Amino acid sequence: MTGDVQAGQKKAEMCIGCHGIPGYQNSFPEIHKVPMISGQSDKYIVSALTAYKKGDRKHPTMRGIAGSLSEQDMADLGAFYASQAGKPAPDTPRTASTTAAALIEKGACASCHGANFSKPIDPSYPKIGGQHADYLFVALKSYTVEGNSMIGRSNGIMAGIAKQYTPAEMRE
């Protein structure tokens, strides 16, 4: 399905209340900045919205919003957000601590999220380079949650990766 950037721009008016405010924080399930979605691929936006709609990603607000969207709405929103410049990851990755570098290597993060974590091998995977660290912590931790109707994400690959870390290691 092909998305329409202009239609997506109109539909994104419901998104800007959270995703359009620099530094805006969400308090569920804990305080963290909402993810930056401008510049993500259209396929990733559609994939994420579909996962919220199906309940594979659990967040009450996002589930309610995604539940009201048609496939065309999602395609339009994907086209719109993909057309936005977004915040690119720096050309030179910031220097990770030795501990963080080892944890990133252990998870083989670049093997899916690509060079500088900004060139995913599959367009339905997110660009995580330059993303808010506190959001990445909450997202990574959500893959370890099982059997909770309000919190968690269903993705076997990411669950396997996330479960090898302690919460402190995820934060690092």
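**View 1. The surroundings of S41 in this predicted model.** Leaving out residues up to four places away in sequence, S41 touches A82 and P123. With P123 there is also a polar link: a polar atom of the S41 side chain lies 2.4 Å from the backbone oxygen of P123. To find S41 along the chain, look in the loop between β2 (32–33) and α3 (42–54). Is S41 buried or exposed? Its relative accessibility is 18%, so S41 counts as buried, the cut-off for buried being under 20%.

**View 2. I31, a residue in the loop between β1 (25–26) and β2.** Here the picture is an exposed one: I31 has a relative accessible area of 59%, and exposed means over 50%. Setting aside residues up to four places away in sequence, I31 touches Q25 and N26. How far is I31 from K11 in space, C-alpha to C-alpha? The two are 26 Å apart, with their positions 20 residues apart in sequence.

**View 3. The largest nonpolar core.** Welcome to a group of 15 residues. Those with the most contacts inside this core are A12, I45, L49, L69, L77 and Y81. Which helices each supply at least two of its residues? They are α3, α4 (60–67) and α5 (71–83), and α3 gives the most, with five residues. Apart from this core lies another, of ten residues, including L103, Y143, M158 and I161. As a general background, nonpolar side chains in soluble globular proteins tend to be buried together.

**View 4. A closer look at I45 and its contacts.** I45 is one of the residues with the most contacts inside the largest nonpolar core. Once its neighbours within four places in sequence are left aside, I45 is in contact with I37, Q40, L77, G78 and Y81. Of these partners, L77 and Y81 are also among the residues with the most contacts inside that core.

**View 5. The aromatic pair of F80 and Y81.** How many aromatic pairs does a search of the whole structure find? It finds one. The rings of F80 and Y81 are arranged edge-to-face, 5.0 Å centre to centre, with 70° between the planes. Both partners are out of the way of the surroundings by the accessibility count: F80 is buried, with a relative accessible area of 11%, and Y81 is buried too, at 4%.

**View 6. R171 and the ring of F137.** In this last view, a charge meets a ring. The charged end of R171 sits over the ring of F137, 3.8 Å from the centre of that ring.

Definitions and conventions. Residues are numbered from 1 along each chain as its sequence is written. This is a predicted model: local features need pLDDT of at least 70, side-chain atom pairs count only at pLDDT 80 or more; totals for chains, interfaces and linings use all residues. Side-chain values use heavy atoms; hydrogens and water are left out. Helices (H or I, at least four residues) and strands (E, at least two) are DSSP runs, numbered from the N terminus. Buried means under 20% relative accessible area, exposed over 50%, partly exposed in between (1.4 Å probe, protein chains only). A polar contact is a pair of N or O atoms within 3.5 Å; within protein, one must be able to donate a hydrogen and the other to accept it, and residues adjacent in sequence count only if both atoms are side-chain atoms. Contact means heavy atoms within 4.5 Å. A nonpolar core is a set of buried Ala, Val, Leu, Ile, Met, Phe, Trp, Tyr and Cys residues joined through side-chain atoms within 4.5 Å. Rings of Phe, Tyr and Trp (its six-membered ring) pair if their centres lie within 6.5 Å; planes under 30 degrees apart count as stacked, over 60 as edge-to-face and the rest as tilted. A charge sits over a ring if NZ of Lys or CZ of Arg is within 6 Å of the ring centre and within 35 degrees of the ring normal.
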